[in-house]
Amino acid sequence: MADGKMQKVKNFFNDVSEHWSTPAEGRYVPYREYKDIFIAVGSNYAGSKMLEYLYFGAGCFLMMYHYRLPYLTFAIIGLINMPLNYLWSMIGWYINDNLGFLEKKKERALYAFYFSMIVLGLVLILAPVSLLFDQNGAFVTFMNGLEGVNCASAFKIFGTHILWNGWAGSRNIFWRKKLLPKFGRYKYYLYCDFFPKCVMVCLLGWLPLTQADIPDVVERVWKANLAFAVYSIFAFGNSLEACAQNISPNTHERVLVRTYPIKLSHLAHSILALVLPVIIGKLPNKWEDINLFRWVIPIAFCSFAFLTMIFAGRIKERIPQPPLEKKVTIGFWDGMFGVMRNKYKWIQTVVGLLDSLGNGMLAFTTILYLYTFRLSGLLYSLIVALVSFAGTPPDFFTPYFMKRFSYKQIMIFYQFSRALGNGIIVASLLLFRNKVVLCGSICVIVLILMEMCKTVPTSVGHDMDIRINDYQMYLSGERLESFSGVFGWFTGPITSFVGLIIPLLLLEHGFNSNWDVLYVDASRLYIIIIPILIDTLGYLLMSIPYFFWDYDDDKQNKVMAVLRRREEVTSKQEESGVKLNG
Amino acid sequence: MAEKKKKTKNNLVDQSVYDSYKDAIPEDQIWTFQVEGLQKPLIRKSPDNAPTLKVAITVVLAIAVFISIYFSFYILHNDPFKYTTLENGKTELTRFSNPGEIYELRIDYLVTDVISESYIEKNDAGESVRHIRYSLKTDESTPIEEIHEYAFNCDERIRRLEIGANVTSIDDKAFYSCYALQEIRVDKENPNYRDIDGVLYSKDGTRLICYPIDHDAYLREKYGYEEQYWPTENWKKTGEDKYNEYYTKAYEEQINTYVVPSTVKEIGPLAMNYAELFTIYLPEGLEKLDTMAIFRNWHLERVDTYTGDYKGETQAAEKFIPDPAKVKASLPDSLTYIGSDCFNSAIEMDYIYIPANVTFIGHHAFWGAARKENDGLIGLYEIHAALDETSFKAQVDEGDQWTGQYDNGLLPKNVPVLYGEARAK
């Protein structure tokens, strides 16, 4: 028995050594690339996780403790920006799903449009446009009645939105065209955004945007919005993981890559999640300390970003597709109709729509750890690490669960487990409201169990997304990932409205621009429970669409076979100079 | 069983599927080949009814977006005054949303209309600045009798509030986080409330309800100071004199010191939160310091107790400071209740004494009031209690983590309680 195991280990090492540089037959990824994935994805993931501390939303500590922006203002800004988003996304999808390769005439027209938007945006920000309106009229009075915004600042916010989109749009065409052929569709933007992103991350903590610098909340809001707009122009998403998840046309190999090097690469973030709170705990004002944003986050982010850039080039993209020059050109309506024919995208859309019931809720765990438990330093790290680590062991059994159960079963189980967990948390909050430690302990145990139940469905969810894109490629000849945003068009009007339910309810219970209200026991209870109950309802409803999921392994493999066949045939045609049909 | 195993294996090995399947896909049908059970590919071809679909999608989207934006703005837009008629027929001010530049407000009757008028004024630098002046139309047949919790939540502009004669109930959290609030004035005819020099009390003076967060700004104006002054930096560490050319003892007593009147039995929830106070004198006779009563008084150095009669001042030129001979360190012996988070963040204090009559201490009552710095511990790193440990445990209902903690290496350490202590001089 022991000999058998030893032999297996030996075989494994022999296999690794033999296929270190060249993959085994039927495989695409050599083991050396596993190592590169481990380091590159680890750094990219940890770096992108650092950015979760810096965003324009009520959950960001910089907003909470220093900028002190009203909670509802974020929703108002979203609404001001909403109508034009349809225009930007339409143009963006067209550019993105054609990978930036446009006809010369169209390209010039788009550049002209984007540059004029930049100019218009600047005019709206710099000029007192609101004075064109009757200052005592209904429009100005209405705008002045919005939380954290007045008529003058609303124009500046609108200008910021136009400036941002003009700037981002022109960059998108320019850099895609320049970098995509060399670096592939997933990671090209790291090469143009790395440096400015680092600069912006370093700047945000130092900009004079705090309550002390700008006592007027309206002025603070539009200036902070502008600063974060510039910051968010430059992306540093977890793109290498997306790249690595699509690293092989072999679905089994994809699961292996996802389960081992990708999952293990998250270790860097786990270590960071352990160390960072200890460092924060040493700051005089802990999470409320501005030095967190001036030194701790910038140093950590820049270090990981640097590592990411060193290893990014070593991960290859291997989506089966015709050569770039022979890529199918997608017209706007073709893209729209293409994604709308994909039944599985509709299922995901309905799930997302129901999930929006929880939009606007605060991170329950943050409230629990910081305001109920009053955790900081190592204890905070340990509990956060314990809860997040709880999800790691089940992940090693992901391939087993994916073989043993259908995706439909796993996802339905997931929704029910979330609803049950939330139910227990609400019960403990209501029953043991005065016993902070007991109530908190029950919540943490439930969170651990929920985290354990989440791991496999998360992997399944990723795989579902990838399979849906494979299926889309089969249907339309392109993955149409950007055009998938059309579903957001349909859900956007509903989610933006539904997403106001929680903020408005929380406002009734005192949650506005001062997070200290979470120290008020009665208010904290409502602020936690109301969103959890609404979220729970969402989870129960979200199980329903999954009953219609019927895309199994067999269909996926056949779809992949069609894609590979297309690649094979078109490559052959390319070599022999035959024109591509379709 | 064997068949099931084989099937599973086949599903995972793409190469074998591909090898067996690729011949079924003719070269000229690679873009149209339909996998069984799935839809047929449609590449660069629109559906037959594309024109109708295009129109339908565009129209539906336009309507959806318009409706969404209209209703979202509708519910987000705050009327400056939101009222509720309660079951008992009374009218409650539920929420005030400052439309821009309302700095002073009288709460007495239902406001029916807010009329704004813009005007231009030169600022100190000689620049023209546009302002808005508001005038309110009220319905005097509808008096405001109650003010809801969080009615003025986080308003950063209101400086002065006047409470009318009809207001009979004000929630303790009504003026939460009004950072600019300097004074609250109460109509003399009000049956339940009164103010003492801009601080809100119950009519009988037994309950302190709200010490406005920016009350020191009002006091500076009252005593003729143009700016806010601060003690010598790090005077505790360097041993330098605390007072300097600007921050004098008189300034500290007039602006950063508050003497709670001797009539007061209770300081209500959140009553003195965020106050810019360095010293608070509590009266002997005070029984209750409620939840978050002195929450986040970052600069508070001393809380002392005085004996004697002091009804509070109104417009007296001289500030009343208790006779040192009648002052003792820390909390009054009459105190029985210390609410949760009561002294949260009182990091500048260095002494606290729990008197023998205390029966309740809420959770985290002294949280964040002790810290380890390079040169040692600061704040309330020890808590002194009158009772011995056994009596204390038997008598006091202790909330979780009420003593607070400070960093001690990697793990925090609970602030120790020194039982059976005598009060410091």
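# Exercises on a predicted two-chain model

In the hairpin formed by β4(B) and β5(B), 5 residues lie between the strands, and B:Gly126 takes a positive phi near 85°. The model is predicted, and the exercises below treat its strands, helices, loops and chain contact in turn.

## Exercise 1. The hairpin of β4(B) and β5(B)

Determine how β4(B) and β5(B) pair, and whether β4(B) lies largely in the open or is largely buried.

Solution.

Step 1. Strand β4 covers residues 109-122 of chain B, and strand β5 covers residues 128-147 of chain B. The two pair in the antiparallel sense over 13 bridges.

Step 2. One bridge can be located by its residues: B:Lys122 has B:Ser128 as its partner in β5(B).

Step 3. For burial, a residue needs 20 or more other C-beta atoms within 10 Å of its own. Of the 14 residues of β4(B), the number that are buried is 1, so the strand lies largely in the open.

## Exercise 2. A second hairpin in chain B

Identify which way β25(B) and β26(B) run relative to each other, and state how many residues lie between them.

Solution.

Step 1. Strand β25 (residues 405-408) and strand β26 (residues 411-414) of chain B are joined by 4 bridges and run antiparallel.

Step 2. Within this pairing, B:Pro412 of β26(B) is the bridge partner of B:Asp407.

Step 3. The hairpin leaves 2 residues between the strands, and in its turn B:Gly409 has a positive phi of about 75°.

## Exercise 3. The open sheet β19-β23-β27

Establish which strands stand at the edges of the sheet with the order β19-β23-β27 in chain B.

Solution.

Step 1. The sheet is open, has 3 strands in the order given, and its pairing is parallel.

Step 2. β19 (353-354) and β27 (417-418) of chain B each have a single partner strand; they therefore stand at the edges, and one side of each is left without a neighbour in the sheet.

Step 3. The pairing of β19(B) with strand β23 (residues 383-385) of chain B consists of 2 bridges, and the two run parallel. In this pair, B:Ile354 stands opposite B:Ala385 of β23(B).

## Exercise 4. Helix α12(A)

Compare the expected span of helix α12 of chain A with the distance between its end C-alpha atoms, then describe where the helix is kinked and what its buried residues pack against.

Solution.

Step 1. Helix α12 comprises 22 residues, 291-312, of chain A; at 1.5 Å a residue it should span 32 Å. Its end C-alpha atoms are 30 Å apart, which agrees.

Step 2. A kink of about 30° lies at A:Ile297, shortly before the proline A:Pro298. Both residues are buried, and the buried residues of α12(A) also include A:Phe293, A:Phe301 and A:Phe304.

Step 3. The packing partners of the buried residues are α2 (31-50), α3 (61-67), α7 (151-204), α9 (239-245) and α11 (267-282) of chain A.

## Exercise 5. Individual residues

Decide whether A:Lys105, A:Arg68 and B:Met292 count as buried or exposed, and locate each residue in its chain.

Solution.

Step 1. A:Lys105 belongs to helix α5 (residues 104-126) of chain A. It has 8 C-beta neighbours inside 10 Å and therefore counts as exposed. The C-alpha atom of A:Lys105 is separated by 67 Å from that of A:Leu438, which is 333 residues away along the chain.

Step 2. A:Arg68 lies in the loop between α3 and α4 (71-97) of chain A. Its phi is near 50°, a positive value in a residue other than glycine. With 21 C-beta neighbours inside 10 Å, A:Arg68 counts as buried.

Step 3. B:Met292 is placed in the loop between β15 (288-289) and β16 (302-306) of chain B. Here too the residue is not glycine and phi is positive, near 55°. B:Met292 counts as buried because it has 29 C-beta neighbours inside 10 Å.

## Exercise 6. Chain A as a whole and its contact with chain B

Assess the compactness of chain A, and state which of its helices gives the most to the side that touches chain B.

Solution.

Step 1. Chain A has 24 helices and 0 strands. Its radius of gyration is 25 Å, close to the 25 Å that the globule rule gives for 582 residues, so chain A is as compact as a globular protein of that length.

Step 2. The C-alpha trace of chain A spans about 70 × 65 × 45 Å along its principal axes, and 46% of its 582 residues count as buried.

Step 3. The contact involves 72 residues of chain A and 71 residues of chain B. Helix α24 (residues 553-576) of chain A gives the most to the chain A side, with 13 residues. That side is made up of 35 nonpolar, 22 polar and 15 charged residues.

Methods: Residues numbered from 1 in each chain as written. Chains lettered and ligands numbered in written order. Predicted model: local features only at pLDDT ≥ 70, side-chain atom pairs only at ≥ 80, totals over all residues. Contact = placed C-beta atoms within 7 Å. Nonpolar A, V, L, I, M, F, W, Y, C, P; charged D, E, K, R; others polar. Pairing = 2+ DSSP bridges. Rg over C-alpha atoms; globule rule 2.2 N^0.38 Å. Buried ≥ 20, exposed ≤ 12 C-beta atoms within 10 Å, placed from the backbone. Expected span 1.5 Å × (residues − 1). Bend = angle between axes of the 7 residues up to and from the residue.
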